[in-house]
Amino acid sequence: MCDSPVLSAPLSVCGMAAVWQQVLAVDAREEDTRAQGARGHRRSVSRGSYQLQAQMNRAVYEERPPGSLVPTSVAEASRAMAGDTTLSENYAFAGMHHIFDQHVDSAVPRLQFANDDKHLLACCSLDGTLSIMTLSPPPPTVRVTLRGHAGPVTDFAWSLSNDIIVPTSLDGTLRIWNTEDGRCIREVADPESSELLCCTFQPMNNNLTVVGNSKHMLQVVNISTGKKVKGGSSKLTGRVLSLSFDAPGKILWAGDDRGSIFSFLFDMATGKLTKAKRLVVSEGSPISSISARSWISREARDPSLLINACVNKLLLYRVVDNEGTLQMERSFPIQHGSQHLHSIFCPLMSFRQGACVVTGSEDACVYFFDVERNTKAIVNKLQGHSGPVLDVSFNCDESLLASSDATGMVIIWRREQK
C-alpha cells in the first residue's frame with residue numbers, strides 16, 4: 001500500500017491549477033538535475049511525482065466517458081497538428097525494408113536501435129555473438145561483429161552516448177565493447193559464478209549497470225572498475241529474466257521466472273538497492289519483458305509498465321506510487337506460453353487519438369495495440385517471420401521497426417510515408 005495519502009475525490013478547477021503548479025515545479029527541478037548530469041533523452045522524461053500524476057488523472061478521469069481522452073487545449077492542438085490521420089494509418093507499413101540473416105539457425109533474443117538514432121541497430125544471438133548494423137547509406141550492412149563470449153548472449157544495453165555496448169552471456173561474463181572498432185574493453189565475471197540473463201544501464205549514471213543472473217541474484221556493477229557496488233545486490237524468488245528503470249532512475253523493476261515482479265528503490269549517490277514491493281503476476285509464469293514509461297500519450301500521463309509474462313496476454317500496469325506499486329490497467333491477447341518475448345511502447349508521444357504498444361508473439365507475427373481503445377485494440381499485424389517473434393524495436397523517429405525471431409532472422413520494416 002502507498003504510505004502517502006491519495007486523493008479520491010475530483011479536484012476543483014483551483015485545485016487542478018495548484019497541482020499543475022506542483023508538477024511544473026518538480027519538472028523544472030528535474031530538468032536542472034539532468035542538465036548537470038547525463039545527457040537528456042527526450043523519450044525518457046519524468047513529469048513530476050507519481051502521486052501528483054495520479055491526482056491529475058483521477059480528477060480528469062472522473063469527468064470523462066470510458067475510453068475518451070483528457071479534453072485539454074494541448075490535446076486539441078496536438079490533434080490539429082496531426083491532421084485527420086488515424087492511429088491505424090500512422091502505423092501502416094509498406095513492407096520489408098531489409099532482412100539480416102547472419103545469425104540464422106540461432107535465436108536472436110534481443111535487438112535495439114541506438115539511442116536517438118535512425119539507422120544504427122544492434123542485436124545479440126544465442127550463437128555467442130552480437131552484430132552492429134547500419135541501415136544508411138544503403139545497402140544496409142553489418143558494420144561489426146562482436147565475438148568473444150564462450151556461450152549464448154542473452155541480453156545487451158546501449159550506453160546513452162552509444163559508444164559502448166554491454167551484453168550478458170550464459171558464460172557468466174559481462175563484457176564492455178567499443179561500438180566503433182569492436183574492441184572488448186573489459187570482461188567482468190559474475191560474482192556468483194552463474195549464468196547472466198539480463199542487464200540494463202542506470203539511466204542517469206552509465207557507469208552503473210544492473211545485472212540479473214540464474215541464481216536469483218540482482219547486482220549493480222560499476223563498469224568503470226569492474227567491481228560490484230556495495231549494497232547493490234538483492235535476491236529474487238527465481239531466475240532474473242527482465243529489468244527496467246523508470247525515467248529518473250529512482251525505481252528499478254525486476255521480473256523472474258516464478259512470475260514475480262519486484263520494485264527496488266535505487267540510491268543515486270551510492271548505487272544501493274532497497275527492495276520495496278512485490279507483485280505476483282501469475283505463479284510460475286516467467287516475466288520475460290518489462291518496459292517502463294513515464295506517460296503513454298499526451299492525454300494519458302500515467303507512469304506505466306508493459307509486461308510479457310507467458311500468460312497468452314500482453315499486460316499493461318499503472319504505477320501508483322513512488323515505491324513502484326503496480327495496478328492492473330488492461331491486457332491484450334497474444335500467443336505467449338513459453339518463449340522469452342519482448343514488447344515496447346512506441347517512442348514518440350502521439351499527436352493522434354490513442355497510443356500504441358508493439359509486441360512479438362509466438363505465432364510469428366508482430367502486433368500493434370492501441371491502449372486507449374476498449375474494443376478491437378489491434379492497430380496492425382505484421383507477418384513475415386518463420387518463427388516466434390522474440391523482440392521488437394523502433395528507431396527514434398518511428399520510420400523503421402526492427403523485429404527478431406527464434407530462427408535467427410532480423411526484419412527491418414519501413415513505415416508508409418504519408
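This passage describes salt bridges in a predicted model of the structure. Side chains of opposite charge can pair when their charged atoms come close. A search of the whole structure finds 11 such salt bridges, and three of them are set out here, including the partners involved and their exposure to the surroundings.

One of these salt bridges joins Arg110 to Asp155, with a distance of 3.0 Å between the closest N and O atoms. Because Arg110 belongs to strand S2 (residues 110-113) and Asp155 to strand S6 (residues 153-158), the pair ties together parts of the chain that are 45 residues apart in sequence. Asp155 has a relative accessible area of 4% and is therefore buried, the limit being under 20%. The pairing also belongs to a network of salt bridges, in which Arg110 and Asp155 are linked with Asp391.

A further salt bridge is formed by Arg239 and Glu195, whose closest N and O atoms are 3.9 Å apart. This pair likewise links distant parts of the chain, 44 residues apart, since Arg239 is found in the loop between strand S13 (227-235) and strand S14 (240-245), while Glu195 is found in the loop between strand S9 (184-189) and strand S10 (196-202). Arg239 is partly exposed, at a relative accessible area of 29%, and Glu195 also counts as partly exposed, at 33%.

In the salt bridge between Arg373 and Asp370, the N to O distance is 3.7 Å. Here the two partners fall into separate classes of exposure, for Arg373 is partly exposed with a relative accessible area of 26%, whereas Asp370 is buried with a relative accessible area of 5%.

Terms used: Residues are numbered from 1 along each chain as its sequence is written. This is a predicted model: local features need pLDDT of at least 70, side-chain atom pairs count only at pLDDT 80 or more; totals for chains, interfaces and linings use all residues. Side-chain values use heavy atoms; hydrogens and water are left out. A salt bridge is a side-chain nitrogen of Lys or Arg within 4 Å of a carboxyl oxygen of Asp or Glu. Helices (H or I, at least four residues) and strands (E, at least two) are DSSP runs, numbered from the N terminus. Buried means under 20% relative accessible area, exposed over 50%, partly exposed in between (1.4 Å probe, protein chains only).
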